[in-house]
Amino acid sequence: MVKKIYFQSIFLSFFFIKEAFAAKSGGMPQLNPEFWVSQIFWLILTFGIMYLVLSKLILPKISNNLETRKSQILENIEAAEKQREDSDAKLKEYDEIISKSKLEANSIFNQAREKALKDIGAKREVLDKQIDNEIAEAEKEIDALRKNAPDKINKIAIETSSELLQKLIGAEVNNSSISAIVDDLSKRNGDKYYGN
């Protein structure tokens, strides 16, 4: 408060002391106290008009522009937030779809694998049965051949021996004597050759 009174008294003292700033001849008219009233009038008038122009015309447009920008920025932020929430929801849906499809793919793969293993097992059983049947038939044929082999060999030996003796001697030999000799030899050596 004291400072305010002090500055006002200094201002008024400059205003009333004309001789202090009076220009003798050719001085600055701005410092001449005779012109201070008109200068103050024009100062107040120009600054008043400038204040009115700024406060009524320019500043409202600037504040309107600032408000529209602020509201547009807020709308953009809200729209961006909404889009972010939508994208987060879509990402969650996408992740759920991927996880469900992975589970379905795994279950389908496991089912196909189990079916293939069952099919392979069934085919293996059928093949094992067929192979066992063929082996059993082959063993039966081998046993039959083994049982019939000494008789056939004896018959072949008798026929061959009689033909050889007939060709060597030139006369026919009795088949019963040749068969007795072959039977005797086969009985002695039969275990060695046929495993009986």
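How many of the 196 residues of the chain count as buried, as a percentage? Colour the chain by relative accessibility and you have the answer: just 6% of them count as buried. Keep in mind as you go that this is a predicted model.

**Stop one: the whole chain**

Switch to cartoon view. You'll find 4 helices and 0 strands, so the order of elements from the N terminus reads simply α-α-α-α. Now put a surface on it. The chain exposes about 17,600 Å², and carbon and sulfur atoms supply 61% of that area. If you like contact maps, pull one up here: among contacts between residues at least 6 apart in sequence, 26% join residues at least 24 apart.

**Stop two: colour by pLDDT**

Next, recolour by confidence. The average pLDDT over the chain is 81, and 81% of the residues score at least 70. Select residues 18-21, which is helix H2: among the elements of the chain this helix has the lowest mean pLDDT, at 49, while H3 has the highest, at 88. Extend your selection to residues 19-25, where the pLDDT is below 50. Beyond near neighbours in sequence, that stretch has 7 contacts in the model.

**Stop three: the aromatic pair**

Select Phe-41 and Trp-42 and show their side chains. The structure holds 1 aromatic pair, and you're looking at it: Phe-41 and Trp-42 sit edge-to-face, 5.2 Å centre to centre with 75° between the planes. Why edge-to-face? The angle of 75° is over the 60 degrees at which a pair counts as edge-to-face. Is Phe-41 buried, partly exposed or exposed? Phe-41 has 48% relative accessibility, so the label is partly exposed; exposed would need over 50%.

**Stop four: salt bridges around Arg-84**

Move along H3 and select Glu-81, Arg-84 and Asp-88. The structure holds 2 salt bridges, and these three residues are linked in a network of them. Take the Glu-81 side first: the side chains of Arg-84 and Glu-81 meet at 2.4 Å, N to O. These two are 3 residues apart in helix H3, so about one helical turn separates them.

Then swing to the other partner. Arg-84 and Asp-88 meet in a salt bridge at 3.1 Å, N to O. Here the spacing is 4 residues in helix H3, which again means a separation of about one helical turn.

While the three are still selected, check their accessibility:

- Arg-84 is partly exposed, with a relative accessible area of 41%.
- Glu-81 has 34% relative accessibility and counts as partly exposed.
- Asp-88, at 31%, counts as partly exposed too.

**Stop five: Asp-151**

Stay on the same helix and jump to Asp-151, which is found in H3, the helix that covers residues 36-169. Buried or exposed, this one? Asp-151 counts as exposed because its relative accessibility is 55%, and the cut-off for exposed is over 50%.

Before you leave, select Ser-186 as well and draw a distance between the two C-alpha atoms. Asp-151 and Ser-186 are 35 residues apart along the chain, and their C-alpha atoms are separated by 9.6 Å.

Terms used:
Residues are numbered from 1 along each chain as its sequence is written. This is a predicted model: local features need pLDDT of at least 70, side-chain atom pairs count only at pLDDT 80 or more; totals for chains, interfaces and linings use all residues. Side-chain values use heavy atoms; hydrogens and water are left out. Buried means under 20% relative accessible area, exposed over 50%, partly exposed in between (1.4 Å probe, protein chains only). Contact means heavy atoms within 4.5 Å. Accessible areas come from the Shrake-Rupley method with a 1.4 Å probe; for residues, only the protein chains shown count as cover. Rings of Phe, Tyr and Trp (its six-membered ring) pair if their centres lie within 6.5 Å; planes under 30 degrees apart count as stacked, over 60 as edge-to-face and the rest as tilted. A salt bridge is a side-chain nitrogen of Lys or Arg within 4 Å of a carboxyl oxygen of Asp or Glu. pLDDT is the predictor's confidence in each residue, from 0 to 100.
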